[in-house]
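Reader: I have a chain to look over at the bench. Please walk me through its build and its charged pairs.

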Amino acid sequence: HRKIIMQTIGVKTVKKEGYIFELSTNKTGQPLCLVKKILTSGKNKGSYKILANYRFRTDEARKVYISNYLREIQKDIDTKEANKKAIIEAKDKNEIPYKVGDIFYCSWGYEQTNVDYYQIINIKGSNIKFHKISQYIVKDTQGHDYANVAPNKDSFIDEPFIKRLVINAYNGKPSYHIRMNSYSSLYLYENGEKGKYSSWGY
């Protein structure tokens, strides 16, 4: 089949979870399928967005297309429900996958790559207290304007701060995210003495 927009005859509607399939035929009797989705938020809430508009060689081909489309819709619904359940269960258990002493890194920059390291010094509920620590250049990694840098555990600098742990889910399993600021996040450091790549400009 190929994408096309044509005059339709005898429209039949099939609805499924906010999706609408408009089934019709063109003047030559070829099956058509227009797929729309109702918008549930934003200024256009309640209106429809066209997702697909196809012409098929046979009615059977159209049936297969719709069947596959409905299967994907259901799969998406099941995934969202599983993710929602995973988040609720993770919050109920209140299990934080990190501990005091764990080191996190934050990598940011545009024309250069800045790396900062932070160590957990306290955990209270979903509030995690971090303290920035110093770093060192890993031996035999330095070039003209780059090097790998690794953290100095317990070598605290600057002032501590608190960040909130956000629980999300992916494929039915909980995932955890700590946002540092508007342009970067904190990630668990697991590179040992290898460090993380850092570069600087002149």
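Author: A term to start with: buried means under 20% relative accessible area, exposed means over 50%, and partly exposed lies in between. Note too that this is a predicted model.

Reader: By that cut-off, is R62 buried or exposed?
Author: The limit for buried is under 20%. R62 has a relative accessible area of 10%. R62 is therefore buried.

Reader: Which residue does R62 meet in a salt bridge, and how far apart are N and O?
Author: Side chains of opposite charge can pair when their charged atoms come close. Here the partner of R62 is D59. D59 is partly exposed, at 33% relative accessible area. The N to O distance is 2.9 Å.

Reader: What separates R62 and D59 along helix α1?
Author: Helix α1 covers residues 59–93. R62 and D59 are three residues apart in it. That makes the separation about one helical turn.

Reader: What helices and strands does the chain have?
Author: Helix α1 has come up already, at residues 59–93. The full tally for the chain is one helix and 14 strands.

Reader: Is the chain more spread out than a compact globule, or less?
Author: For 202 residues, the globule rule gives 17 Å. The radius of gyration is 26 Å, well over that, so the chain is more spread out than a compact globule. The C-alpha atoms fill a box of roughly 75 × 45 × 30 Å along the principal axes. As for the verdict: more spread out.

Reader: How many of the 202 residues count as buried, as a percentage?
Author: The chain exposes about 13600 Å², with carbon and sulfur atoms supplying 49% of that area. The buried share of the residues is 31%.

Reader: How many salt bridges does the whole structure hold?
Author: The chain carries 34 positive and 21 negative side chains. The centres of these two sets lie 11 Å apart. One of the pairs is D102 with K99, where the closest N and O atoms are 2.9 Å apart. A search of the whole structure gives a total of seven.

Reader: In the D102 and K99 pair, which residue is buried?
Author: K99 has 54% relative accessible area and is exposed. D102 has 12%, under the 20% limit. The buried residue is D102.

Reader: How far apart in sequence are the parts that D158 and K132 tie together?
Author: D158 and K132 form a salt bridge, with closest N and O atoms 3.9 Å apart. D158 lies in the loop between β9 and β10, and K132 in strand β8, so the pair ties together parts separated by 26 residues.

Definitions and conventions: Residues numbered from 1 in each chain as written. Predicted model: local features only at pLDDT ≥ 70, side-chain atom pairs only at ≥ 80, totals over all residues. Heavy atoms only, no water. Helix = DSSP H or I, 4+ residues; strand = E, 2+ residues; numbered from the N terminus. Rg over C-alpha atoms; globule rule 2.2 N^0.38 Å. Buried < 20%, exposed > 50% of the residue type's maximum accessible area, 1.4 Å probe, protein only. Areas by Shrake-Rupley, 256 points an atom, 1.4 Å probe, with all protein chains shown as cover. Lys, Arg positive; Asp, Glu negative; His and termini not counted. Charge placed at Lys NZ, Arg CZ, Asp CG, Glu CD. Salt bridge = Lys/Arg side-chain N within 4 Å of Asp/Glu carboxyl O.
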